Amino acid sequence: MNEATSDEDRPDRTAARPGGADDATVKALGTLSKALETVEQARGCLYAFHQLTGGADLTLGEAVEELRAAGHAQQADLLEREILGRNVIPGHWTYQVIESYNATYYQPFTSIEKQVRDELVDGHAHLYEAEMKEARRTRGHPDHTAGP
């Protein structure tokens with residue numbers, strides 16, 4: 001085996017478990033990481049909701065103009081008055097829902113998750129997954145190297 005292959009086959013030292021971190025702690029942090037990843041997905045859904053709702057409102061504006069141009073002013077007025085630009089929940093457009101979610105839930109979650117990792121494993125992220133990768137990869141296989 002040549003020197004480059006040998007280096008690629010060594011465990012990733014950047015993902016090494018710090019001293020004192022036991023299996024139960026690493027597993028718990030893996031579960032915490034999974035929870036955070038789910039929060040990231042939920043946040044992404046909020047942004048999709050924001051963009052889809054905003055796009056629908058802009059398209060609704062086009063429909064209002066087209067109805068009015070087609071001689072249906074009463075229906076256009078109804079849509080414009082009752083739906084166009086409407087709050088999605090009382091007092092909030094979608095961007096405000098996102099801002100509230102970020103300030104009330106997302107930012108505290110990410111901040112405290114980082115604090116817990118800093119306190120327990122010197123800030124290492126995805127330590128559980130890194131150890132799983134090391135256990136599951138096939139040494140010597142070019143597509144199973146430890147690092148990039």
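## Close-up views of a predicted five-helix chain

**Figure 1. Glu-134 and Arg-139 form a salt bridge, with 2.3 Å between the closest N and O atoms.** The model is predicted. The two partners differ in exposure class. Glu-134 is buried, at a relative accessible area of 18%. Arg-139 is partly exposed, at 47%. Buried here requires a value under 20%, so the 18% of Glu-134 falls inside that class. In general, side chains of opposite charge can pair when their charged atoms come close. The whole structure holds nine salt bridges, and the pair of Glu-134 and Arg-139 is one.

**Figure 2. The protein chain consists of five helices and has zero strands.** Read from the N terminus, the order of elements is α-α-α-α-α. The radius of gyration is 25 Å, well over the 15 Å that the globule rule gives for 148 residues, so the chain is more spread out than a compact globule. Along the principal axes, the C-alpha atoms fill a box of roughly 80 × 35 × 20 Å. Of the 148 residues, 20% are buried. The accessible surface is about 10,300 Å². Carbon and sulfur atoms account for 56% of that surface. Contacts between residues at least 6 apart in sequence were also sorted by separation: 67% of them join residues at least 24 apart.

**Figure 3. Arg-17, Asp-23 and Glu-131 are linked in a network of salt bridges.** Within this network, the side chains of Arg-17 and Asp-23 meet at 2.9 Å, N to O. Arg-17 is partly exposed, with a relative accessible area of 29%. Asp-23 is exposed, at 58%. What are the charge totals for the protein chain? There are 15 positive and 25 negative side chains. The centres of the two sets lie 5 Å apart.

**Figure 4. A salt bridge joins the side chains of Glu-80 and Arg-68 at 3.2 Å, N to O.** Glu-80 lies in helix H3 (residues 73-82) and Arg-68 in helix H2 (residues 23-69), so the pair ties together parts that are twelve residues apart in sequence. Both ends of the bridge have intermediate accessibility. Glu-80 is partly exposed at 37%. Arg-68 is partly exposed at 33%.

**Figure 5. Ala-130 of helix H5 (residues 127-136) has its C-alpha 6.0 Å from that of Ala-15.** How far apart in sequence are Ala-130 and Ala-15? They are separated by 115 residues. The relative accessibility of Ala-130 is 23%, so this residue counts as partly exposed.

**Figure 6. Ile-98 sits in helix H4 (residues 94-121) and touches Leu-46, Tyr-47 and His-50.** Residues up to four places away in sequence are left out of that contact list. Is Ile-98 buried or exposed? Ile-98 is buried, at 5% relative accessibility. Gln-115 follows 17 residues along the chain from Ile-98, and the C-alpha atoms of the two are separated by 24 Å.

**Figure 7. Thr-94, also in helix H4, touches Phe-49, His-50, Thr-53 and Val-88.** Again, residues up to four places away in sequence are not counted. Thr-94 is buried, with a relative accessible area of 8%. His-50 appears among the contacts of Thr-94 and among those of Ile-98.

**Figure 8. The loop between H4 and H5 holds Asp-122 and His-126.** Both residues have a positive phi without being glycine. For Asp-122, phi is near 55 degrees. For His-126, phi is near 60 degrees. Which exposure class does Asp-122 fall in? Asp-122 counts as exposed, at 60% relative accessibility. His-126 is partly exposed, with a relative accessible area of 42%.

Key
Residues are numbered from 1 along each chain as its sequence is written. This is a predicted model: local features need pLDDT of at least 70, side-chain atom pairs count only at pLDDT 80 or more; totals for chains, interfaces and linings use all residues. Side-chain values use heavy atoms; hydrogens and water are left out. Helices (H or I, at least four residues) and strands (E, at least two) are DSSP runs, numbered from the N terminus. The radius of gyration is taken over C-alpha atoms; the globule rule is 2.2 Å times the number of residues to the power 0.38. Buried means under 20% relative accessible area, exposed over 50%, partly exposed in between (1.4 Å probe, protein chains only). Contact means heavy atoms within 4.5 Å. Accessible areas come from the Shrake-Rupley method with a 1.4 Å probe; for residues, only the protein chains shown count as cover. Lys and Arg count as positive and Asp and Glu as negative; His and the chain ends are not counted. The place of a charge is taken as NZ of Lys, CZ of Arg, CG of Asp or CD of Glu. A salt bridge is a side-chain nitrogen of Lys or Arg within 4 Å of a carboxyl oxygen of Asp or Glu.
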